[in-house]
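Please open the structure in your viewer and keep the selection tool at hand. The tour below proceeds from the whole chain to single residues.

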Amino acid sequence: MFNKTANPPPPARRPEAPQSPVDVAAASRRPAPARAPSLIGPDLTFEGQISGDGEVHVEGTVKGEIRVARLVIGEHATVEGVIRGGAVEVRGRVIGNIEAKAVKLYESAHVDGDIVHEQLSIDVGAFFQGRCQQAQRPAPMPAPAPQPAPRVVELDQAKG
């Protein structure tokens with residue numbers, strides 16, 4: 001009466017419908033998947049230059065220049081060298097200058113160097129020895145001065 005097969009046949013696949021312009025527009029509005037930050041672990045020592053558009057978390061030791069979009073320096077981490085970036089969070093030790101749009105020194109931070117920034121935040125208890133200078137944001141372009149209208153001179157021509 002009923003027959004049971006060991007491997008049932010796979011379900012029939014429906015052909016994919018072409019995407020409408022609305023579907024394509026909705027897909028383009030979805031946020032891009034977040035990229036995981038790169039990590040320099042607590043048992044690592046890195047010597048050299050690090051650069052890129054991503055995020056780096058340092059939990060170990062870095063000796064050299066770091067140029068990234070976002071940098072997080074862990075509580076037990078040490079960076080010896082110049083740091084340049086968009087956002088820099090320091091919980092550990094930095095020996096060198098920092099140039100970034102936003103710099104945050106947490107209470108466990110120890111920074112020995114100059115900081116050039118647009119935004120600077122220093123928690124109570126953080127150690128900072130050096131100079132800090134707020135970077136000048138680019139001045140807005142002034143509106144162009146209005147040009148005087150061209151003069152139109154009409155000449156009366158005598159008919160004669």
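The stops that follow each name something to select and then describe what is there.

**The whole chain**

Begin with the entire chain, and bear in mind that this is a predicted model. The chain has 160 residues, of which 22% count as buried. It contains one helix and 14 strands. Its accessible surface comes to about 12,600 Å², and carbon and sulfur atoms account for 53% of that area. Among the contacts with a separation of 6 or more, 0% are between residues 24 or more positions apart.

**Colouring by confidence**

Now colour the chain by pLDDT. The average is 82, and 64% of the residues score at least 70. Where is confidence lowest, and where is it highest? Helix α1, residues 21-29, has the lowest mean, at 52, whereas strand β9, residues 93-95, has the highest, at 98. Where pLDDT is low, the predicted coordinates should not be read in detail.

**The open sheet**

Next, select strands β2, β5, β7, β9, β11 and β13. In that order, these six strands form an open sheet with parallel pairing. The edges are β2 (45-47) and β13 (127-129), each of which pairs on one side only. On average, neighbouring strands of this sheet are turned by 5° against each other, direction ignored.

Within this sheet, zoom in on β9 and on strand β11, residues 110-112. Three bridges join the two strands, which run parallel. One residue to pick out is V94, whose bridge partner in β11 is V111.

**Strand β4 and its partners**

Move to strand β4, residues 55-58, and display its side chains. Which of them point to one face and are buried? They are V56 and V58; E55 and H57 point to the other face and are not buried.

Add strand β1, residues 38-40, to the selection. It runs parallel to β4 and is joined to it by three bridges. S38 stands opposite V56 in β4. Then add strand β6, residues 66-73, which also runs parallel to β4 and is joined to it by four bridges. Here E55 stands opposite R70 in β6.

**Charged pairs**

Side chains of opposite charge can pair when their charged atoms come close. The structure holds eight salt bridges.

Keep R70 and E55 selected. They form a salt bridge whose closest N and O atoms are 3.2 Å apart. R70 lies in strand β6 and E55 in strand β4, so this pair ties together parts that are 15 residues apart in sequence. R70 is partly exposed, at 29% relative accessibility, and E55 is likewise partly exposed, at 25%. Add E89 and R91 to the view: E55, R70, E89 and R91 are linked in a network of salt bridges.

Select E99 and R84 next. Their side chains meet in a salt bridge, at 3.4 Å from N to O. The pair links distant parts of the chain, with E99 in strand β10 (residues 98-105) and R84 in strand β8 (residues 83-90), 15 residues apart.

A further pair is R67 and E65, whose side chains meet in a salt bridge at 3.1 Å, N to O. R67 is partly exposed at 40% relative accessibility, and E65 is partly exposed at 23%.

**A histidine in strand β12**

Finally, select H117, which is found in strand β12, residues 115-122. Is H117 buried or exposed? Its relative accessible area is 8%, so H117 counts as buried, the cut-off being under 20%. Leaving aside neighbours within four places in sequence, H117 is in contact with A100, K101, V103, C132, Q133, Q134 and A135.

Technical notes
Residues are numbered from 1 along each chain as its sequence is written. This is a predicted model: local features need pLDDT of at least 70, side-chain atom pairs count only at pLDDT 80 or more; totals for chains, interfaces and linings use all residues. Side-chain values use heavy atoms; hydrogens and water are left out. Buried means under 20% relative accessible area, exposed over 50%, partly exposed in between (1.4 Å probe, protein chains only). Contact means heavy atoms within 4.5 Å. pLDDT is the predictor's confidence in each residue, from 0 to 100. Accessible areas come from the Shrake-Rupley method with a 1.4 Å probe; for residues, only the protein chains shown count as cover. Two strands pair if DSSP finds at least two bridges between them. Axes are lines fitted to C-alpha atoms, for helices over the stretch in contact, and angles run from 0 to 180 degrees between N-to-C directions. A salt bridge is a side-chain nitrogen of Lys or Arg within 4 Å of a carboxyl oxygen of Asp or Glu.
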